[in-house]
Amino acid sequence: GYDFRAAYVPGVTLTGAGQTVALFELDGYFASDISTYESQAGLPSVPLSNVLLGGFNGTAGFNNTEVALDIEMAVAMAPGLSQIIVYESPNPISAAGIADMLNRIATDNSAGQISSSWLIGDDPSWEQIYLQYAAQGQSFFQCSGDNDAFNWNLGFYQQQTDDPNITLVGG
């Protein structure tokens with residue numbers, strides 16, 4: 001776990017102390033996987049809070065490893081976090097379902113940083129939510145996808161690439 005910090009932020013003393021992170025997730029996870037990772041990696045046990053949306057029951061499914069990885073990397077990179085809020089919805093999800101989750105994160109306004117590792121595409125109606133994040137001091141980090149910001153196989157842009165209210169990461 002601490003190897004990630006050493007590789008990506010060598011010499012940085014900030015640990016995320018006092019911060020809460022929100023994770024946008026499209027599956028459930030096994031809590032025991034998280035506690036085992038924290039224990040074996042010598043990391044602190046960061047409290048997790050689950051918010052279930054869209055009728056989802058939180059049961060870990062086929063994509064639970066993506067959810068676990070997101071949680072584990074947040075803990076590894078910011079071991080001083082006060083809490084991780086895991087917003088969970090079923091996959092696949094509609095544009096309206098995505099908007100509901102993004103809006104719930106904005107309405108709760110409980111996390112200064114929001115992360116999504118899922119390809120959710122883009123919809124102009126979400127811009128108002130992104131503006132609300134910015135006005136509230138929340139930073140939204142959206143993955144660009146495994147094939148950079150474009151996926152020509154699908155014939156459209158996967159993620160918003162020019163929105164000043166979100167940060168596109170990865171690649």
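A polar contact is a pair of N or O atoms within 3.5 Å, of which, within protein, one must be able to donate a hydrogen and the other to accept it. In the predicted model examined here, such a pair involves glutamate 38: a polar atom of its side chain lies 3.2 Å from the backbone nitrogen of valine 46. Glutamate 38 is placed in helix 2, which spans residues 31-41. The residue is buried and yet has no salt bridge. Arginine 5 carries the nearest side chain of opposite charge, at a distance of 14 Å. Because a salt bridge requires a side-chain nitrogen of Lys or Arg within 4 Å of a carboxyl oxygen of Asp or Glu, arginine 5, 14 Å away, does not form one with glutamate 38. When residues up to four places away in sequence are not counted, glutamate 38 touches Leu43, Pro44, Ser45, Val46 and Val75.

The protein chain as a whole contains five helices and eight strands. Along the sequence, these elements follow the pattern α-β-α-β-α-β-α-β-α-β-β-β-β. Of the 171 residues in the protein chain, 40% are buried. Among contacts with a separation of 6 or more, 83% join residues 24 or more positions apart. The protein chain has an accessible surface of about 8,700 Å², and carbon and sulfur atoms account for 53% of this area.

Helix 5, formed by residues 127-136, has a buried side and a face turned away from that side. Ile129, Tyr130 and Tyr133 are buried in this helix. These residues lie on the same side of helix 5 because they cover an arc of only 100 degrees around the axis. The buried residues of helix 5 pack against helix 4, strand 4 and strand 5, the last of which comprises residues 139-143. On the face turned away from the buried side, helix 5 carries the exposed residues Gln128 and Ala135. Glycine 137, just after helix 5, takes a positive phi of about 85 degrees.

Two further backbone features occur in loops that adjoin helix 4. Asparagine 91 and proline 92 are joined by a cis peptide bond, with omega at about 10 degrees. Proline 92 is located in the loop between strand 3 (83-88) and helix 4 (95-108). Asparagine 109 belongs to the loop between helix 4 and strand 4 (113-116). Its phi is near 50 degrees, a positive value in a residue other than glycine. Asparagine 109 has a relative accessible area of 38% and is therefore partly exposed.

Methods. Residues are numbered from 1 along each chain as its sequence is written. This is a predicted model: local features need pLDDT of at least 70, side-chain atom pairs count only at pLDDT 80 or more; totals for chains, interfaces and linings use all residues. Side-chain values use heavy atoms; hydrogens and water are left out. Helices (H or I, at least four residues) and strands (E, at least two) are DSSP runs, numbered from the N terminus. Buried means under 20% relative accessible area, exposed over 50%, partly exposed in between (1.4 Å probe, protein chains only). The arc is that of the directions from the helix axis to the C-beta atoms. Contact means heavy atoms within 4.5 Å. Lys and Arg count as positive and Asp and Glu as negative; His and the chain ends are not counted. Accessible areas come from the Shrake-Rupley method with a 1.4 Å probe; for residues, only the protein chains shown count as cover.
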